[in-house]
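Welcome! Open your viewer, turn on the cartoon view, and get ready to select a few places one after another.

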Amino acid sequence: MSLEGKALSWTPGGPLVLDGVDLTPRPGAVTGLLGPNGSGKSTLLRLLAGVLAPSSGVVTLDGDPLSSVPRRTAARRIAMVQQQADTQVELTVADVVRLGRVPHRRAWAPASAADEAAVRAALDRSGLADRSRRLWHTLSGGERQRVQIARALAQEPRELLLDEPTNHLDIQHQLELLDLIRGLDLTSVVALHDLNLAAAYCDGVVVLDGGRVVAAGEPADVLTEDLIAQVYGVRARVARPGPGEPPHIRFLGVLGGPGDPGAPAAGS
């Protein structure tokens with residue numbers, strides 16, 4: 001079993017942000033969390049991580065309510081990579097990655113040989129071994145995101161949650177990062193904006209709109225022209241190259257906007 005959300009709702013004393021959301025990521029697979037800004041993706045990830053408590057519904061870990069799982073146990077199992085992390089402290093890359101070992105250590109206990117081995121393995125896996133002594137603040141955005149994933153890997157989790165990890169990255173770093181995530185063999189849930197990247201890298205996708213799940217399944221089945229129009233308000237053409245190949249989406253314009261080929265001509 002793994003991580004699961006059942007009928008999750010969240011109301012932070014105001015508008016309903018999530019409304020009865022179910023999410024069951026397939027173990028060992030990459031699940032893409034899609035939807036426009038404000039659809040509830042970040043909130044859902046925080047609920048799954050235990051950072052927020054649901055207003056109703058339940059998050060379970062191996063069938064047990066996450067709220068009943070000891071915090072240290074949950075922290076060893078579930079790692080979360082936020083959209084952006086920053087610090088004014090002069091930490092090296094290795095220092096940041098060592099933070100992932102906190103759930104495995106007693107308070108004030110020095111790092112063990114097992115901790116240092118996990119840090120080295122995470123740096124190697126993330127392609128950062130040669131940058132372990134670099135200062136965090138000297139890194140590029142892509143390198144910082146890779147370090148955050150290395151920190152998460154040092155936790156030795158079974159579930160990995162990532163909130164728009166490709167945000168603000170150039171195309172090369174987006175692809176490198178998603179290649180890394182795809183090769184981890186963890187149960188991963190990743191919030192993405194780019195539908196073509198989701199189609200290429202995710203085993204399954206869940207689409208949120210207005211705090212509700214409007215579609216879920218394999219990208220080729222879910223990412224249709226009708227769904228893109230309904231959820232994003234955009235006219236698109238979805239090309240399907242062949243069996244086993246991800247769909248490719250070409251955006252034509254905002255529905256009813258000047259770039260929309262289906263919109264009536266001006267003055268008509």
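We will go from the whole chain to one sheet and then to two single residues.

**Before you click.** This is a predicted model, in which local features need pLDDT of at least 70 and side-chain atom pairs count only at pLDDT 80 or more, while totals for chains, interfaces and linings use all residues. Residues are numbered from 1 along each chain as its sequence is written, and side-chain values use heavy atoms, with hydrogens and water left out.

**Stop 1: the whole chain.** Select everything: the protein chain has nine helices and 12 strands. Helices (H or I, at least four residues) and strands (E, at least two) are DSSP runs, numbered from the N terminus. The radius of gyration, taken over C-alpha atoms, is 20 Å, close to the 18 Å that the globule rule gives for 268 residues, so the chain is as compact as a globular protein of that length. That rule is 2.2 Å times the number of residues to the power 0.38. Of the 268 residues, 44% count as buried, meaning under 20% relative accessible area with a 1.4 Å probe, protein chains only.

**Stop 2: an open sheet.** Now select residues 3-10, which are strand S1, and residues 56-61, which are strand S4. Five bridges join these two antiparallel strands. Look for Glu-4, which stands opposite Thr-60 in S4. Add the other strands and you have an open sheet of four, in the order S2-S1-S4-S5, with antiparallel pairing (two strands pair if DSSP finds at least two bridges between them). At the edges are S2 (18-23) and S5 (64-65), each pairing on one side only.

Next, show residues 41-49: this is helix H1, lying across S1, S2 and S4 and running at about 125° to S1. Such axes are lines fitted to C-alpha atoms, for helices over the stretch in contact, and angles run from 0 to 180 degrees between N-to-C directions.

**Stop 3: Ile-78.** Select Ile-78 in strand S6 (residues 78-81). Is Ile-78 buried or exposed? Ile-78 is buried, because its relative accessible area is 7%. Not counting residues up to four places away in sequence, Ile-78 touches several residues, including Leu-3, Leu-48 and Leu-61; contact means heavy atoms within 4.5 Å.

**Stop 4: Gln-145.** Finally, go to helix H5 (residues 141-154) and find Gln-145. Gln-145 counts as buried too, at 6% relative accessibility. Where does the side chain of Gln-145 reach? Zoom in on the backbone oxygen of Pro-165, at 2.7 Å from that side chain.

Technical notes: Buried means under 20% relative accessible area, exposed over 50%, partly exposed in between (1.4 Å probe, protein chains only). A polar contact is a pair of N or O atoms within 3.5 Å; within protein, one must be able to donate a hydrogen and the other to accept it, and residues adjacent in sequence count only if both atoms are side-chain atoms.
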